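Visitor: I would like a close look at a single part of this model, followed outward from one buried position to whatever surrounds that position. Please take me through that part with some care.

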Amino acid sequence: MMQFLAKAGLAAMLTAGTLAGTVVPAAAQFSIIIGDPDREPPRDYRRPPPPPGFNRRPRGCDPRLAEDLARDYGFRRARVVDITPRRVIVQGWTRRGPDEMSFGNVRGCPPLRR
């Protein structure tokens with residue numbers, strides 16, 4: 001009885017080894033991991049591409065340009081308070097106190113009223 005069990009065990013091991021040998025090449029995915037396997041992939045340090053329409057120039061008056069022009073006219077703490085289809089309104093402080101200036105809402109921000 002002991003010989004029968006030994007031969008049956010040996011036959012089972014040979015069969016399992018043979019089947020395992022045929023399954024491995026079918027799913028041959030080979031990877032070498034050196035270091036921590038849970039580490040994230042390396043970071044891409046290149047600059048991201050610009051958003052769509054990045055190079056298109058604005059059609060109207062740029063609010064930052066309006067603020068800069070108001071500072072050139074003597075305004076301190078100039079800020080844009082309203083933008084309409086026709087004008088850009090900037091408020092700030094002058095030597096006389098709080099004041100307001102309007103610029104045309106076209107390229108170049110021409111001054112309309114002080």
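Guide: In this predicted model, S102 counts as buried because its relative accessibility is 1%, and buried means under 20%. This serine belongs to strand β3, which spans residues 97-104 and pairs with β2 in the antiparallel sense over eight bridges. Between β2 and β3 lie two residues, and the two strands form a hairpin; within this pairing, W93 has P98 in β3 as its bridge partner.

Leaving aside neighbours within four places in sequence, S102 is in contact with R87, V88 and I89, and also with P110, P111, L112 and R113. One of these partners, V88, leads further into the surroundings: not counting residues up to four places away in sequence, V88 touches S102 together with C61, A66, V80, D82, I83, M101, F103 and N105.

V88 is also a member of the largest nonpolar core, whose ten residues are C61, A66, A70, F75, A78, V88, V90, M101, F103 and C109. Two or more residues of this core come from each of α2 (63-72), β2 and β3.

On the other side of the pairing scheme, β2 (residues 87-94) is joined to β1 (residues 76-83) by five bridges, and these two strands likewise run antiparallel. A hairpin of three residues connects β1 to β2, and V80 stands opposite V90 in β2. V90 is itself listed in the core, while V80 appears among the residues that V88 touches.

Conventions. Residues numbered from 1 in each chain as written. Predicted model: local features only at pLDDT ≥ 70, side-chain atom pairs only at ≥ 80, totals over all residues. Heavy atoms only, no water. Pairing = 2+ DSSP bridges. Helix = DSSP H or I, 4+ residues; strand = E, 2+ residues; numbered from the N terminus. Core = buried A, V, L, I, M, F, W, Y, C linked by side-chain atoms within 4.5 Å. Buried < 20%, exposed > 50% of the residue type's maximum accessible area, 1.4 Å probe, protein only. Contact = heavy atoms within 4.5 Å.
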